There are 2 protein chains.
Amino acid sequence: MQSTAETTRPNASRTDICSAPPRRHPRPDGQDHYTISEVVAFTGLTAHTLRWYERIGLMSHIDRSHTGQRRYSNRDLDWLDFVGKLRMTGMPVADMVRYAELVREGENTYLDRRELLESTRRDVLTRIAELQDTLAVLDRKISFYGDAGRAREGERTR
Amino acid sequence: MQSTAETTRPNASRTDICSAPPRRHPRPDGQDHYTISEVVAFTGLTAHTLRWYERIGLMSHIDRSHTGQRRYSNRDLDWLDFVGKLRMTGMPVADMVRYAELVREGENTYLDRRELLESTRRDVLTRIAELQDTLAVLDRKISFYGDAGRAREGERTR
DNA sequence: CGCTTGCTTGGAGTGCACTCCAAGGTCATA
DNA sequence: TATGACCTTGGAGTGCACTCCAAGCAAGCG
(Lines give C-alpha, C1' and ligand atoms only; values in the text may rest on other atoms or scores of the structure.)
Protein backbone atom coordinates (compact mmCIF):
# COMPACT_ATOMS: atom_id res chain seq x y z
CA MET A 1 0.00 0.00 0.00
CA GLN A 2 1.16 3.51 -0.68
CA SER A 3 3.99 4.29 1.67
CA THR A 4 3.00 7.34 3.64
CA ALA A 5 6.42 8.63 4.55
CA GLU A 6 7.25 8.55 8.24
CA THR A 7 4.53 8.92 10.76
CA THR A 8 6.97 10.26 13.29
CA ARG A 9 5.81 13.78 13.78
CA PRO A 10 6.71 15.63 16.98
CA ASN A 11 3.04 16.50 17.50
CA ALA A 12 4.14 18.76 20.30
CA SER A 13 2.88 18.77 23.85
CA ARG A 14 0.17 16.17 23.79
CA THR A 15 -1.38 16.20 27.26
CA ASP A 16 1.16 14.82 29.68
CA ILE A 17 2.99 11.75 28.55
CA CYS A 18 5.63 12.08 25.92
CA SER A 19 4.49 13.26 22.56
CA ALA A 20 4.73 11.56 19.22
CA PRO A 21 5.12 7.93 18.23
CA PRO A 22 8.85 7.21 18.21
CA ARG A 23 8.20 4.60 15.59
CA ARG A 24 11.36 3.18 14.16
CA HIS A 25 10.66 0.50 11.62
CA PRO A 26 13.14 -2.32 11.12
CA ARG A 27 13.28 -1.56 7.42
CA PRO A 28 12.27 1.49 5.43
CA ASP A 29 9.05 1.55 3.47
CA GLY A 30 9.53 -0.27 0.20
CA GLN A 31 11.73 -2.91 1.81
CA ASP A 32 9.09 -3.80 4.37
CA HIS A 33 8.23 -7.37 3.42
CA TYR A 34 8.64 -9.13 6.74
CA THR A 35 8.14 -12.86 7.11
CA ILE A 36 5.93 -14.07 9.90
CA SER A 37 8.93 -15.09 11.99
CA GLU A 38 10.40 -11.60 11.69
CA VAL A 39 7.16 -10.15 12.94
CA VAL A 40 7.25 -12.67 15.77
CA ALA A 41 10.68 -11.30 16.71
CA PHE A 42 9.52 -7.68 16.49
CA THR A 43 6.25 -7.97 18.33
CA GLY A 44 6.69 -10.82 20.76
CA LEU A 45 3.50 -12.40 19.50
CA THR A 46 3.58 -15.98 18.30
CA ALA A 47 3.10 -16.96 14.66
CA HIS A 48 -0.02 -18.79 15.78
CA THR A 49 -1.42 -15.60 17.21
CA LEU A 50 -0.55 -13.57 14.13
CA ARG A 51 -2.36 -16.02 11.87
CA TRP A 52 -5.26 -16.14 14.28
CA TYR A 53 -5.51 -12.33 14.31
CA GLU A 54 -5.81 -12.43 10.56
CA ARG A 55 -8.37 -15.20 10.61
CA ILE A 56 -10.70 -13.38 12.98
CA GLY A 57 -10.43 -10.14 11.03
CA LEU A 58 -8.31 -8.23 13.50
CA MET A 59 -5.86 -7.67 10.68
CA SER A 60 -6.91 -7.01 7.15
CA HIS A 61 -5.53 -9.28 4.49
CA ILE A 62 -1.75 -9.54 4.63
CA ASP A 63 0.32 -9.39 1.47
CA ARG A 64 1.59 -12.72 0.18
CA SER A 65 4.76 -13.77 -1.57
CA HIS A 66 4.42 -15.50 -4.94
CA THR A 67 4.29 -18.79 -3.05
CA GLY A 68 1.57 -17.68 -0.68
CA GLN A 69 3.67 -16.86 2.34
CA ARG A 70 2.73 -13.84 4.43
CA ARG A 71 4.73 -10.65 3.96
CA TYR A 72 4.00 -8.04 6.61
CA SER A 73 4.47 -4.33 5.96
CA ASN A 74 5.46 -1.44 8.21
CA ARG A 75 1.82 -0.50 8.24
CA ASP A 76 0.98 -3.94 9.61
CA LEU A 77 3.60 -3.49 12.29
CA ASP A 78 2.05 -0.16 13.28
CA TRP A 79 -1.33 -1.76 13.48
CA LEU A 80 -0.01 -4.61 15.63
CA ASP A 81 1.56 -2.03 17.87
CA PHE A 82 -1.73 -0.27 18.28
CA VAL A 83 -3.54 -3.54 18.86
CA GLY A 84 -1.02 -4.30 21.58
CA LYS A 85 -1.92 -1.05 23.26
CA LEU A 86 -5.61 -1.78 23.05
CA ARG A 87 -4.99 -5.23 24.42
CA MET A 88 -3.34 -3.69 27.46
CA THR A 89 -6.46 -1.75 28.20
CA GLY A 90 -8.28 -5.03 28.62
CA MET A 91 -10.40 -4.40 25.57
CA PRO A 92 -11.90 -7.68 24.33
CA VAL A 93 -10.58 -8.89 21.02
CA ALA A 94 -14.09 -8.76 19.60
CA ASP A 95 -14.18 -5.01 20.17
CA MET A 96 -10.83 -4.59 18.48
CA VAL A 97 -12.19 -6.52 15.54
CA ARG A 98 -15.11 -4.13 15.41
CA TYR A 99 -12.70 -1.22 15.30
CA ALA A 100 -10.73 -2.92 12.55
CA GLU A 101 -13.95 -3.35 10.61
CA LEU A 102 -14.73 0.33 10.99
CA VAL A 103 -11.31 1.16 9.62
CA ARG A 104 -11.91 -1.10 6.65
CA GLU A 105 -15.30 0.48 6.01
CA GLY A 106 -13.69 3.81 5.28
CA GLU A 107 -13.87 7.44 6.22
CA ASN A 108 -17.58 7.49 6.92
CA THR A 109 -16.94 5.63 10.16
CA TYR A 110 -14.75 8.34 11.69
CA LEU A 111 -17.37 9.27 14.25
CA ASP A 112 -17.91 5.70 15.43
CA ARG A 113 -14.20 5.14 15.72
CA ARG A 114 -13.79 8.31 17.70
CA GLU A 115 -16.54 7.28 20.08
CA LEU A 116 -15.01 3.86 20.50
CA LEU A 117 -11.63 5.38 21.27
CA GLU A 118 -13.09 7.86 23.69
CA SER A 119 -14.97 5.20 25.57
CA THR A 120 -11.74 3.20 25.69
CA ARG A 121 -9.96 6.26 26.98
CA ARG A 122 -12.46 6.54 29.81
CA ASP A 123 -11.91 2.88 30.64
CA VAL A 124 -8.18 3.45 30.77
CA LEU A 125 -8.56 6.40 33.12
CA THR A 126 -10.78 4.32 35.35
CA ARG A 127 -8.31 1.47 35.36
CA ILE A 128 -5.43 3.78 36.21
CA ALA A 129 -7.41 5.15 39.14
CA GLU A 130 -8.21 1.63 40.33
CA LEU A 131 -4.60 0.65 40.09
CA GLN A 132 -3.52 3.66 42.08
CA ASP A 133 -6.03 2.71 44.72
CA THR A 134 -4.61 -0.79 44.72
CA LEU A 135 -1.15 0.66 45.02
CA ALA A 136 -2.21 2.47 48.17
CA VAL A 137 -3.49 -0.76 49.67
CA LEU A 138 -0.31 -2.59 48.77
CA ASP A 139 1.82 0.15 50.27
CA ARG A 140 -0.12 -0.02 53.50
CA LYS A 141 0.36 -3.76 53.73
CA ILE A 142 3.98 -3.62 52.71
CA SER A 143 4.71 -1.03 55.33
CA PHE A 144 2.95 -3.27 57.83
CA TYR A 145 5.25 -6.14 56.96
CA GLY A 146 8.10 -3.70 56.79
CA ASP A 147 7.60 -2.84 60.44
CA ALA A 148 9.25 -6.13 61.30
CA GLY A 149 5.73 -7.53 61.46
CA ARG A 150 5.64 -7.30 65.22
CA ALA A 151 3.51 -4.19 65.56
CA ARG A 152 0.47 -5.96 64.21
CA GLU A 153 -1.97 -3.28 65.25
CA GLY A 154 -5.22 -3.17 63.39
CA GLU A 155 -4.25 -5.14 60.34
CA ARG A 156 -7.00 -7.50 59.56
CA THR A 157 -6.37 -9.41 56.42
CA ARG A 158 -2.77 -9.59 57.51
CA MET B 1 -32.37 -10.03 50.55
CA GLN B 2 -32.98 -7.62 53.39
CA SER B 3 -31.52 -4.44 52.04
CA THR B 4 -28.74 -3.58 54.44
CA ALA B 5 -28.48 0.16 54.10
CA GLU B 6 -26.37 1.32 51.22
CA THR B 7 -22.95 0.03 50.46
CA THR B 8 -22.16 3.10 48.44
CA ARG B 9 -19.29 4.65 50.30
CA PRO B 10 -18.18 8.07 49.12
CA ASN B 11 -14.71 6.79 49.83
CA ALA B 12 -13.80 10.27 50.89
CA SER B 13 -10.72 11.80 49.35
CA ARG B 14 -8.44 8.83 49.48
CA THR B 15 -5.19 10.72 49.36
CA ASP B 16 -3.03 8.08 47.78
CA ILE B 17 -0.80 6.31 50.20
CA CYS B 18 -0.87 5.25 53.80
CA SER B 19 -3.49 5.97 56.39
CA ALA B 20 -5.87 3.33 57.64
CA PRO B 21 -8.47 1.36 55.75
CA PRO B 22 -11.68 3.39 55.57
CA ARG B 23 -13.56 0.13 55.94
CA ARG B 24 -17.22 0.57 56.75
CA HIS B 25 -18.78 -2.77 57.50
CA PRO B 26 -22.48 -3.37 56.94
CA ARG B 27 -22.81 -4.63 60.50
CA PRO B 28 -20.57 -4.26 63.53
CA ASP B 29 -18.33 -7.06 64.69
CA GLY B 30 -20.38 -9.58 66.61
CA GLN B 31 -23.37 -9.21 64.30
CA ASP B 32 -21.33 -10.04 61.23
CA HIS B 33 -22.88 -13.31 60.09
CA TYR B 34 -23.65 -12.56 56.47
CA THR B 35 -25.36 -15.05 54.22
CA ILE B 36 -23.82 -15.72 50.86
CA SER B 37 -26.41 -13.59 49.08
CA GLU B 38 -25.60 -10.65 51.34
CA VAL B 39 -21.96 -11.01 50.42
CA VAL B 40 -23.00 -11.18 46.78
CA ALA B 41 -24.75 -7.84 47.25
CA PHE B 42 -21.76 -6.30 49.03
CA THR B 43 -19.01 -7.51 46.75
CA GLY B 44 -20.60 -7.85 43.35
CA LEU B 45 -19.22 -11.37 43.07
CA THR B 46 -21.58 -14.23 42.33
CA ALA B 47 -22.41 -16.93 44.85
CA HIS B 48 -20.79 -19.39 42.47
CA THR B 49 -17.58 -17.44 42.58
CA LEU B 50 -17.63 -17.14 46.36
CA ARG B 51 -18.03 -20.88 46.77
CA TRP B 52 -15.38 -21.46 44.14
CA TYR B 53 -12.96 -19.14 45.94
CA GLU B 54 -13.43 -21.24 49.03
CA ARG B 55 -13.00 -24.51 47.18
CA ILE B 56 -9.69 -23.50 45.65
CA GLY B 57 -8.36 -22.23 48.94
CA LEU B 58 -8.50 -18.55 48.17
CA MET B 59 -10.61 -18.14 51.28
CA SER B 60 -9.99 -20.09 54.42
CA HIS B 61 -12.90 -22.07 55.80
CA ILE B 62 -15.99 -19.91 56.24
CA ASP B 63 -18.10 -20.16 59.39
CA ARG B 64 -21.25 -22.20 59.05
CA SER B 65 -24.69 -21.93 60.59
CA HIS B 66 -25.93 -24.93 62.60
CA THR B 67 -27.43 -26.25 59.35
CA GLY B 68 -24.26 -25.87 57.34
CA GLN B 69 -24.96 -22.63 55.52
CA ARG B 70 -22.13 -20.17 55.09
CA ARG B 71 -21.92 -17.20 57.41
CA TYR B 72 -19.37 -14.63 56.31
CA SER B 73 -17.69 -12.28 58.79
CA ASN B 74 -16.40 -8.73 58.48
CA ARG B 75 -12.96 -10.25 58.29
CA ASP B 76 -14.06 -12.28 55.27
CA LEU B 77 -15.40 -9.11 53.66
CA ASP B 78 -12.06 -7.40 54.21
CA TRP B 79 -10.28 -10.32 52.63
CA LEU B 80 -12.61 -10.31 49.63
CA ASP B 81 -11.96 -6.62 49.27
CA PHE B 82 -8.25 -7.21 49.21
CA VAL B 83 -8.62 -10.09 46.78
CA GLY B 84 -10.59 -7.75 44.55
CA LYS B 85 -7.67 -5.36 44.55
CA LEU B 86 -5.21 -8.10 43.71
CA ARG B 87 -7.49 -9.28 40.96
CA MET B 88 -7.39 -5.82 39.44
CA THR B 89 -3.64 -6.00 39.20
CA GLY B 90 -4.03 -8.98 36.90
CA MET B 91 -2.50 -11.33 39.43
CA PRO B 92 -3.44 -14.92 38.58
CA VAL B 93 -5.77 -16.58 41.04
CA ALA B 94 -3.15 -19.23 41.70
CA ASP B 95 -0.80 -16.57 43.07
CA MET B 96 -3.50 -15.19 45.30
CA VAL B 97 -4.06 -18.69 46.61
CA ARG B 98 -0.36 -18.91 47.39
CA TYR B 99 -0.59 -15.68 49.34
CA ALA B 100 -3.64 -17.00 51.19
CA GLU B 101 -1.68 -20.13 52.06
CA LEU B 102 1.15 -18.03 53.42
CA VAL B 103 -1.31 -16.17 55.61
CA ARG B 104 -2.68 -19.46 56.92
CA GLU B 105 0.81 -20.73 57.63
CA GLY B 106 1.36 -18.01 60.17
CA GLU B 107 3.78 -15.31 61.14
CA ASN B 108 6.87 -17.11 59.94
CA THR B 109 5.87 -16.30 56.36
CA TYR B 110 5.97 -12.52 56.80
CA LEU B 111 9.03 -12.20 54.61
CA ASP B 112 7.58 -14.22 51.75
CA ARG B 113 4.37 -12.28 51.89
CA ARG B 114 6.22 -9.01 51.83
CA GLU B 115 8.21 -10.09 48.82
CA LEU B 116 5.09 -11.18 47.03
CA LEU B 117 3.43 -7.86 47.73
CA GLU B 118 6.45 -5.91 46.63
CA SER B 119 6.71 -7.80 43.39
CA THR B 120 3.02 -7.16 42.86
CA ARG B 121 3.62 -3.51 43.58
CA ARG B 122 6.25 -3.38 40.87
CA ASP B 123 3.82 -5.02 38.46
CA VAL B 124 1.21 -2.41 39.29
CA LEU B 125 3.63 0.43 38.66
CA THR B 126 4.58 -1.12 35.35
CA ARG B 127 0.96 -1.50 34.36
CA ILE B 128 0.17 2.08 35.28
CA ALA B 129 3.04 3.26 33.12
CA GLU B 130 1.84 1.10 30.24
CA LEU B 131 -1.66 2.45 30.58
CA GLN B 132 -0.41 6.00 30.56
CA ASP B 133 1.49 5.20 27.43
CA THR B 134 -1.67 3.79 25.93
CA LEU B 135 -3.53 6.90 26.99
CA ALA B 136 -1.09 9.00 25.03
CA VAL B 137 -1.66 6.90 21.93
CA LEU B 138 -5.41 7.14 22.36
CA ASP B 139 -5.22 10.89 22.81
CA ARG B 140 -3.24 11.22 19.63
CA LYS B 141 -5.74 9.20 17.67
CA ILE B 142 -8.73 10.91 19.23
CA SER B 143 -7.35 14.31 18.40
CA PHE B 144 -6.81 13.08 14.86
CA TYR B 145 -10.47 12.13 14.60
CA GLY B 146 -11.34 15.27 16.48
CA ASP B 147 -9.88 17.37 13.71
CA ALA B 148 -13.00 16.61 11.72
CA GLY B 149 -11.07 13.77 10.20
CA ARG B 150 -10.41 15.70 7.04
CA ALA B 151 -6.85 16.70 7.79
CA ARG B 152 -5.72 13.14 7.45
CA GLU B 153 -2.06 13.99 7.51
CA GLY B 154 0.24 11.24 8.52
CA GLU B 155 -2.06 8.96 10.48
CA ARG B 156 -1.28 5.44 9.50
CA THR B 157 -3.32 2.96 11.41
CA ARG B 158 -6.14 5.43 11.27
C1' DC C 1 19.16 -35.09 -4.38
C1' DG C 2 18.30 -35.15 0.31
C1' DC C 3 18.21 -32.45 4.47
C1' DT C 4 16.77 -28.92 7.39
C1' DT C 5 14.17 -25.10 8.38
C1' DG C 6 10.25 -22.34 7.65
C1' DC C 7 5.76 -21.60 6.02
C1' DT C 8 0.82 -23.06 4.87
C1' DT C 9 -4.01 -24.76 6.29
C1' DG C 10 -8.34 -26.17 9.07
C1' DG C 11 -9.49 -27.83 13.01
C1' DA C 12 -8.78 -29.48 17.59
C1' DG C 13 -6.88 -28.65 22.24
C1' DT C 14 -5.49 -25.80 26.43
C1' DG C 15 -5.71 -22.95 30.61
C1' DC C 16 -7.93 -19.69 33.09
C1' DA C 17 -11.66 -17.93 35.67
C1' DC C 18 -15.55 -18.52 36.26
C1' DT C 19 -20.61 -20.28 35.49
C1' DC C 20 -24.12 -23.41 35.62
C1' DC C 21 -26.66 -27.71 36.70
C1' DA C 22 -29.28 -31.23 39.16
C1' DA C 23 -30.92 -32.89 43.17
C1' DG C 24 -31.94 -31.99 47.39
C1' DG C 25 -32.08 -29.60 52.21
C1' DT C 26 -33.41 -24.94 54.80
C1' DC C 27 -35.74 -20.70 56.04
C1' DA C 28 -39.27 -17.09 56.34
C1' DT C 29 -43.74 -15.94 55.55
C1' DA C 30 -48.86 -16.60 54.62
C1' DT D 1 -47.98 -26.40 56.87
C1' DA D 2 -47.12 -25.25 52.58
C1' DT D 3 -45.16 -22.23 49.33
C1' DG D 4 -41.33 -20.14 47.32
C1' DA D 5 -36.98 -18.11 47.77
C1' DC D 6 -32.50 -19.45 49.34
C1' DC D 7 -28.81 -22.59 50.39
C1' DT D 8 -25.92 -26.98 49.82
C1' DT D 9 -22.79 -30.24 46.94
C1' DG D 10 -19.74 -32.31 43.14
C1' DG D 11 -19.10 -32.11 38.75
C1' DA D 12 -19.80 -30.53 34.17
C1' DG D 13 -19.99 -26.62 30.91
C1' DT D 14 -18.73 -21.90 28.97
C1' DG D 15 -16.16 -18.13 26.83
C1' DC D 16 -12.06 -16.05 25.91
C1' DA D 17 -7.63 -15.83 23.95
C1' DC D 18 -4.79 -18.19 22.47
C1' DT D 19 -1.93 -22.65 21.35
C1' DC D 20 -0.96 -26.64 19.10
C1' DC D 21 -1.27 -30.37 15.64
C1' DA D 22 -0.78 -32.97 11.38
C1' DA D 23 0.04 -33.02 6.78
C1' DG D 24 2.08 -30.93 3.30
C1' DC D 25 4.45 -27.32 0.24
C1' DA D 26 8.73 -24.34 -0.44
C1' DA D 27 13.47 -22.50 -0.09
C1' DG D 28 18.37 -22.71 0.72
C1' DC D 29 22.48 -25.57 1.00
C1' DG D 30 26.31 -29.20 0.29
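What follows walks through a predicted model of two protein chains with DNA strands C and D, from confidence to fold, cores, DNA surfaces and a few single residues. Residues are numbered from 1 along each chain as its sequence is written, and chains are lettered from A and ligands numbered from 1 in the order in which they are written. As the model is predicted, local features need pLDDT of at least 70 and side-chain atom pairs count only at pLDDT 80 or more, while totals for chains, interfaces and linings use all residues.

Confidence is a handy place to start. pLDDT is the predictor's confidence in each residue, from 0 to 100. Chain A has a mean pLDDT of 81, with 78% of its residues at 70 or more. The pLDDT is below 50 over residues 1-20 of chain A, a stretch that has 33 contacts in the model beyond near neighbours in sequence. A contact here is a pair of residues whose C-beta atoms, placed from the backbone, lie within 7 Å. Residues 149-154 of chain A also stay under 50, and there the model has three contacts beyond four places in sequence.

Next comes the fold of chain A. Its secondary structure comes to five helices and two strands, and along the sequence these run α-α-β-β-α-α-α. Helices (H or I, at least four residues) and strands (E, at least two) are DSSP runs, numbered from the N terminus. Of the contacts in chain A with a separation of 6 or more, 47% link residues 24 or more positions apart. Buried residues make up 23% of the 158 residues in this chain. A residue is buried if 20 or more other C-beta atoms lie within 10 Å of its own, exposed if 12 or fewer, and partly exposed in between, with C-beta atoms placed from the backbone.

Now for the cores. A nonpolar core is a set of buried Ala, Val, Leu, Ile, Met, Phe, Trp, Tyr and Cys residues joined through C-beta atoms within 7 Å. The largest one has 27 residues, and Leu58(A), Val83(A) and Met96(A) have the most contacts inside it. Two or more residues each come from helices H2 (47-55), H3 (74-88), H4 (93-105) and H5 (110-146) of chain A, and from helix H5 (110-146) of chain B. H5(B) gives the most to this core, with seven residues. Setting aside neighbours within four places in sequence, Val83(A) is in contact with both Leu58(A) and Met96(A). A second, separate core has 26 residues, including Leu58(B), Tyr72(B), Trp79(B) and Met91(B).

On to the DNA. A residue is near a strand if its C-beta atom, placed from the backbone, lies within 6 Å of it. Around DNA strand C there are 18 residues, of which Thr35(A), Ser37(A), Arg70(A), Thr67(B) and Val93(B) come nearest. Helix H1 (36-43) of chain A, along with helices H2 (47-55) and H4 (93-105) of chain B, each supply at least two residues of this surface, and the largest share, three residues, comes from H2(B). By class, the surface near strand C has five nonpolar, ten polar and three charged residues. For these classes, Ala, Val, Leu, Ile, Met, Phe, Trp, Tyr, Cys and Pro count as nonpolar, Asp, Glu, Lys and Arg as charged, and the others, Gly among them, as polar.

DNA strand D is also surrounded by 18 residues, the closest being Pro92(A), Val93(A), Thr35(B), Ser37(B) and Arg70(B). Here H2 and H4 of chain A and helix H1 (36-43) and H2 of chain B each supply at least two residues. H2(A) gives the most, with three residues. The surface near strand D divides into seven nonpolar, eight polar and three charged residues.

Three single residues round out the picture. Thr120(A) sits in helix H5 of chain A and is buried because 23 other C-beta atoms lie within 10 Å. Beyond four places in sequence, Thr120(A) is in contact with Thr89(A), Met91(A) and, from chain B, Leu138(B). Thr120(A) and Leu86(A) are 34 residues apart in sequence, yet 8.3 Å apart in space, C-alpha to C-alpha.

Val40(A), in helix H1 of chain A, has 16 C-beta neighbours inside 10 Å and so counts as partly exposed. Not counting residues up to four places away, Val40(A) touches Leu45(A), Thr46(A) and Ala47(A). Glu54(B), found in helix H2 of chain B, is partly exposed, with 15 other C-beta atoms within 10 Å. Leaving aside neighbours within four places, Glu54(B) is in contact with Met59(B) and Ile62(B).

Methods:
Contact = placed C-beta atoms within 7 Å.
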